[in-house]
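Take a look at the model below. Then read on to see how its parts fit together.

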Amino acid sequence: MKQFIIAICCVAMSACTGGNTTDTKTSLGPAEFDEQSKTTAEAILLDVRTAEEVQSGYIKGAINMDYKRPEFKLLIAGMDKTKPYFVYCLSGMRSGKAADFMREQGFEHVMTLDGGIKAWTAAGLPLVTPSPAP
């Protein structure tokens with residue numbers, strides 16, 4: 001009987017704590033986003049802003065896939081769902097929606113930049129400025 005009570009207490013304590021100690025943080029501040037996107041193996045940096053917005057600067061190594069374009073969902077569907085994705089936009093709204101869509105589609109590791117490029121530049125982190133078209 002004593003072992004039964006101990007077992008019940010252990011199950012109850014596990015339920016109260018969630019039984020899960022892994023970090024489920026999916027929105028990262030600029031410095032953490034920068035560090036993790038650079039140190040995570042096979043990380044894919046995804047800029048979901050418009051092409052016009054990208055002209056003002058983007059994070060080095062980012063792939064631009066405009067969230068507002070009709071083909072966005074088709075393009076995302078063709079990507080590897082097991083790789084880690086670091087998604088950003090101007091302020092964090094579109095990247096949040098894009099990340100939610102990606103998770104709904106079964107993507108396993110999707111992080112967003114809290115505050116978007118606005119927060120990135122406010123933190124003094126560098127952007128690549130594309131050369132003007134000839």
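## The nonpolar cores

In this predicted model, the largest nonpolar core holds 16 residues. I76, V87 and M102 have the most contacts inside this core. Four elements each supply at least two of its residues: β2 (44–47), α4 (72–77), β4 (84–88) and α5 (93–104). Helix α5 gives the largest share, with four residues.

What does I76 touch, once its neighbours within four places in sequence are left aside? I76 is in contact with L46, M65, F101, M102 and F107.

A second core is separate from this one and has 12 residues. Among them are L45, I59, M111 and L125. Such grouping fits a wider trend: in soluble globular proteins, nonpolar side chains tend to be buried together.

## The whole chain

Now step back. The protein has 134 residues, and 32% of them count as buried. Six helices and five strands make up its list of elements. Along the sequence they follow the pattern α-β-α-β-α-β-α-β-α-β-α.

How far apart in sequence are the residues that meet? Take the contacts with a separation of 6 or more: 67% of them join residues 24 or more positions apart. The accessible surface of the protein is about 8400 Å². Carbon and sulfur atoms account for 59% of that surface.

## Aromatic pairs

The protein has five aromatic pairs. The rings of F33 and W120 have planes at 90°, so this pair is edge-to-face. The pair also links distant parts of the chain. F33 sits in helix α2 (residues 30–39) and W120 in helix α6 (residues 116–122), 87 residues apart.

Are F33 and W120 buried or exposed? F33 counts as buried because its relative accessibility is 0%. W120 counts as buried too, at 1%.

Y67 and F72 form another edge-to-face pair. Here the two partners are covered to different degrees: Y67 is partly exposed at 24% relative accessibility, whereas F72 is buried at 2%.

The table sets out the two pairs.

| Pair | Centre to centre | Angle between planes |
|---|---|---|
| F33 and W120 | 6.3 Å | 90° |
| Y67 and F72 | 5.2 Å | 70° |

F33 and W120 also belong to a cluster. Ring pairs link them there with F86 and Y88.

## One helix, two sides

Return to helix α2, the home of F33. Its buried residues are P30, F33, D34 and S37. Why do they line one face of the helix? Seen down the axis of α2, they fall within an arc of 100°, so they share one face. The spacing helps to explain this: an α-helix has 3.6 residues a turn, so residues three or four places apart point the same way.

The other side of α2 has exposed residues, A31 and T39. What covers the buried residues of α2? The cover includes β1 (27–28), β2, β4, β5 (109–113) and α6.

## A residue in helix α4

L75 is found in helix α4. L75 counts as partly exposed because its relative accessible area is 46%, between the cut-offs of 20% for buried and 50% for exposed. L75 and M65 are 10 residues apart along the chain, and their C-alpha atoms are separated by 8.1 Å.

How values were computed:
Residues numbered from 1 in each chain as written. Predicted model: local features only at pLDDT ≥ 70, side-chain atom pairs only at ≥ 80, totals over all residues. Heavy atoms only, no water. Core = buried A, V, L, I, M, F, W, Y, C linked by side-chain atoms within 4.5 Å. Buried < 20%, exposed > 50% of the residue type's maximum accessible area, 1.4 Å probe, protein only. Contact = heavy atoms within 4.5 Å. Areas by Shrake-Rupley, 256 points an atom, 1.4 Å probe, with all protein chains shown as cover. Phe/Tyr/Trp six-rings, centres within 6.5 Å; stacked < 30°, edge-to-face > 60°. Arc of directions from axis to C-beta.
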